[in-house]
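Biologist: Could you walk me through this model and tell me what stands behind each term you use? I like to see a value next to its cut-off.

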Amino acid sequence: MENTVKLHNKVAEITLFFWLLKIVATTLGETLGDFISMTLNLGYVVGIAITLVFFAAALFTQLSVKKFTPAIYWLVIIGTTTLGTEISDFIDRTLHIGYAGGSIILVSCLILTLIYWYRKYKNLEVFPIHERSKETLYWTAILFSNSLGTAFGDSLGDNFGLSYMQGAMFTGGIIIVVVLLHYLTKINSVVLFWIAFVFTRPFGATFGDFLTKPLAKGGLDLGTLNASIVSILLMTTLIVISQRKYRKSAKHHTPLE
């Protein structure tokens, strides 16, 4: 008799609403990460410790639940974006490897994770996911993806001299190209997913920087605290909507994120 526990999906379906939540989560991760390490002046090591505890607690809860729960799932995503901000800044500013070097390290970690994933399961499908071991790989890849996206987004300004809005337009343009490739070509959808997942991180990160940085640096000077509060309120609203959509779809037995 088949184990029915394994039949419960644990992750979000990939819809347009998923990407909206992802972008807001990345913006929150950028502003909240900067608030912890820079505004509170705790430093990147302490920042990593704090965000790692939050991520670990959220991930433990996510792995423990029996089925997909939007609020818990998106808390883990927020954990990966916030921790990813601290990891990227730690590599650049504490280890002095630089964002370009950090990007190389993180993309290598992501590729190795995906190679191991493919060799074990013979696919890289991200929905649905039932097994805990596969879900662990899923979250590992997401953490590396968000850390990589942070490093790449920051490198656009530091290494290529783009303003925050120019960086957002550049990464946003890449996302649009990926969407067009998805609908107009037969390129593997899983490959396009991981490309989009990486680049939505710097898109959110550059937008977060645009909200928080001084006017002299091309930002709106809202500050990390105010920008984080706005992002938290928006993220909370979207999670509530996601939870209601999921409950409604569950009653009609239709797969919806």
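**The pocket, the fold and one glutamate**

Modeller: Gladly! The largest pocket has a volume of about 520 Å³, and the model it belongs to is a predicted one.

Biologist: What lines the largest pocket, and which residues lie nearest its centre?

Modeller: Its lining holds 22 residues, with I14, W19, H182, F193 and A196 nearest the centre. Two or more lining residues come from each of α1 (16-39), α6 (164-184) and α7 (189-212). The element that gives the most is α7, with seven residues.

Biologist: How many residues of that lining are nonpolar, and how many are polar or charged?

Modeller: The split is 15 nonpolar, five polar and two charged. Tryptophan, isoleucine, phenylalanine and alanine count as nonpolar, so W19, I14, F193 and A196, which lie nearest the centre, fall into that class.

Biologist: What makes up the secondary structure of the protein?

Modeller: Eight helices and zero strands. Along the sequence the pattern reads α-α-α-α-α-α-α-α.

Biologist: How do you know that the radius of gyration agrees with a compact globule?

Modeller: For 257 residues, a compact globule would come out near 18 Å, and the protein has 18 Å, so the two agree. The C-alpha atoms fill a box of roughly 65 × 35 × 35 Å along the principal axes.

Biologist: What share of the residues is buried, and how much area does the protein expose?

Modeller: Buried residues are 48% of the 257. The protein exposes about 12,800 Å², and 70% of that is supplied by carbon and sulfur atoms.

Biologist: What share of the contacts joins residues at least 24 apart in sequence?

Modeller: Counting contacts between residues at least 6 apart, 75% join residues at least 24 apart.

Biologist: Now to a single residue: where is E86 found, and why does E86 count as buried?

Modeller: E86 is found in helix α3 (residues 70-94). Buried means under 20% relative accessible area; E86 has 0% relative accessibility, so E86 counts as buried.

Biologist: Which residues is E86 in contact with, leaving aside neighbours within four places in sequence?

Modeller: They are G33, I36, S37, Y44, G47, I48 and T51. Contact here requires heavy atoms within 4.5 Å. G33, I36 and S37 fall within the range of α1 (16-39), a helix that also gives residues to the pocket lining.

Biologist: And what separates E86 from P214?

Modeller: Their C-alpha atoms are 21 Å apart, while along the chain the two residues are 128 residues apart.

Definitions and conventions
Residues numbered from 1 in each chain as written. Predicted model: local features only at pLDDT ≥ 70, side-chain atom pairs only at ≥ 80, totals over all residues. Heavy atoms only, no water. 1 Å grid on protein atoms, 1.4 Å probe; cavity = no way out; pocket = protein on both sides within 12 Å on 5 of 7 lines; lining within 4 Å. Points joined across faces, edges and corners; volume = space filled by probe spheres on them. Helix = DSSP H or I, 4+ residues; strand = E, 2+ residues; numbered from the N terminus. Rg over C-alpha atoms; globule rule 2.2 N^0.38 Å. Buried < 20%, exposed > 50% of the residue type's maximum accessible area, 1.4 Å probe, protein only. Areas by Shrake-Rupley, 256 points an atom, 1.4 Å probe, with all protein chains shown as cover.
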